[in-house]
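Biologist: I would be grateful for a close look at a single part of this model. Please place that part in its surroundings and give the computed geometry wherever it is available.

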Amino acid sequence: MQPTADSFVLDRIPHRPPFLWLDRVLEISGETIRAETTIRPDLPLFEGHYPGYPLMPGVLLCEAVFQAGALLIGELTSGKEAIRGVPVLTRIMGAKFKRVVRPGDTLEITATLIERLGPAWLMKGSVRVGGKTAVQVEFACAQKGA
């Protein structure tokens, strides 16, 4: 069974299962977005990461933050400028992994715009589980494609 994301998410970013890591947006306030997803225990990746003690890969936790950032960029630019293509990741700075994420965990994902420099957006974000930080990351995106 594929994860189900709400239409707000699906209408705004190009990601789709099996590589969509946002289920729903909880809030967009100013230059910050809060989203949520629940990590399904039946994801095939848990067969190999790690058998007997499944852990969500840190790179995919970061990807959830990056997807939230892309959604935020779309909302911040909606109706204000002609945006062609999609925001793509150009840099990852200072990723910190503080605790493991397990199948069945519900993640609260945040992304905040730090600064915009022309076609580039500098952002920071985090993943929290049960109110505790699992990942913090700073990153940059730029508009690519048409």
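In which strand is Thr-112 found?

Modeller: The model is a predicted one, and Thr-112 is found in strand 4. The description below starts from this residue and then moves outwards to the sheet, the helix packed on it and the loops.

The side chain of Thr-112 makes a polar contact of 3.0 Å with the side chain of Thr-32. Leaving aside neighbours within four places in sequence, Thr-112 is in contact with Glu-31, Thr-32, Leu-72, Leu-122, Met-123 and Lys-124. Strand 4 comprises residues 106-117, and 10 bridges join this strand to strand 5, residues 120-129, in an antiparallel arrangement. Within this pairing, Leu-113 stands opposite Met-123 of strand 5. As a general point, strands of a sheet pair through backbone hydrogen bonds, in either a parallel or an antiparallel manner.

Strand 4 belongs to an open sheet of 6 strands, whose order is 1-2-4-5-6-3 and whose pairing is antiparallel. The edges are taken by strand 1 (24-29) and strand 3 (86-97); each has a single partner strand, so one side of each is left without a neighbour in the sheet. On average, and with direction ignored, neighbouring strands of this sheet are turned by 25° against each other.

Helix 2, residues 58-77, packs on the sheet and touches strand 1, strand 2 (32-38), strand 3, strand 4, strand 5 and strand 6 (132-144). The direction of helix 2 makes about 55° with that of strand 4. From its first C-alpha to its last, this helix of 20 residues reaches 29 Å, which is close to the 28 Å expected at 1.5 Å a residue. Of the 20 residues of helix 2, 15 are buried, so the helix is largely enclosed by the rest of the structure.

In the sheet order, strand 2 stands between strand 1 and strand 4. Strand 1 and strand 2 run antiparallel and are joined by 5 bridges, with Ile-28 standing opposite Ile-33 in strand 2. The two strands form a hairpin with 2 residues between them, and Gly-30 in the turn has a positive phi of about 60°. Glu-36 also has its place in strand 2, and a polar contact of 2.8 Å joins the side chains of Glu-36 and Arg-24. With neighbours within four places in sequence set aside, Glu-36 is in contact with Leu-22, Asp-23, Arg-24, Leu-26, Thr-106, Leu-107 and Ile-109.

The loop between helix 1 (7-10) and strand 1 contains Arg-12, which counts as partly exposed at 37% relative accessibility. Although Arg-12 and Leu-71 are 59 residues apart along the chain, their C-alpha atoms are separated by 6.2 Å. Not counting residues up to four places away in sequence, Arg-12 touches Ser-7, Leu-71 and Glu-75. The side chains of Arg-12 and Glu-75 make a polar contact of 2.6 Å.

Pro-18 lies in the loop between helix 1 and strand 1, and the peptide bond from Pro-17 to Pro-18 is cis, with omega near 10°. The structure holds 2 aromatic pairs. In the pair of Phe-19 and Trp-21, the ring centres are 6.2 Å apart and the planes stand at 75°, so this pair is edge-to-face. Phe-19 is partly exposed, with a relative accessible area of 39%, whereas Trp-21 is buried, with a relative accessible area of 7%.

The loop between strand 2 and helix 2 holds Gly-48, which is exposed, with a relative accessible area of 55%. The C-alpha atoms of Gly-48 and Thr-77, 29 residues apart along the chain, are separated by 39 Å. Tyr-50 also has its place in the loop between strand 2 and helix 2, and the peptide bond from His-49 to Tyr-50 is cis, with omega near -15°. In general, most peptide bonds are trans, and most residues other than glycine have a negative phi.

To return to the starting point, Thr-112 in strand 4 has a side-chain polar contact with Thr-32 and is also in contact with residues including Leu-72 and Met-123.

Methods:
Residues are numbered from 1 along each chain as its sequence is written. This is a predicted model: local features need pLDDT of at least 70, side-chain atom pairs count only at pLDDT 80 or more; totals for chains, interfaces and linings use all residues. Side-chain values use heavy atoms; hydrogens and water are left out. Two strands pair if DSSP finds at least two bridges between them. Helices (H or I, at least four residues) and strands (E, at least two) are DSSP runs, numbered from the N terminus. Axes are lines fitted to C-alpha atoms, for helices over the stretch in contact, and angles run from 0 to 180 degrees between N-to-C directions. Contact means heavy atoms within 4.5 Å. The expected span of a helix is 1.5 Å times one less than its number of residues. Buried means under 20% relative accessible area, exposed over 50%, partly exposed in between (1.4 Å probe, protein chains only). A polar contact is a pair of N or O atoms within 3.5 Å; within protein, one must be able to donate a hydrogen and the other to accept it, and residues adjacent in sequence count only if both atoms are side-chain atoms. Rings of Phe, Tyr and Trp (its six-membered ring) pair if their centres lie within 6.5 Å; planes under 30 degrees apart count as stacked, over 60 as edge-to-face and the rest as tilted.
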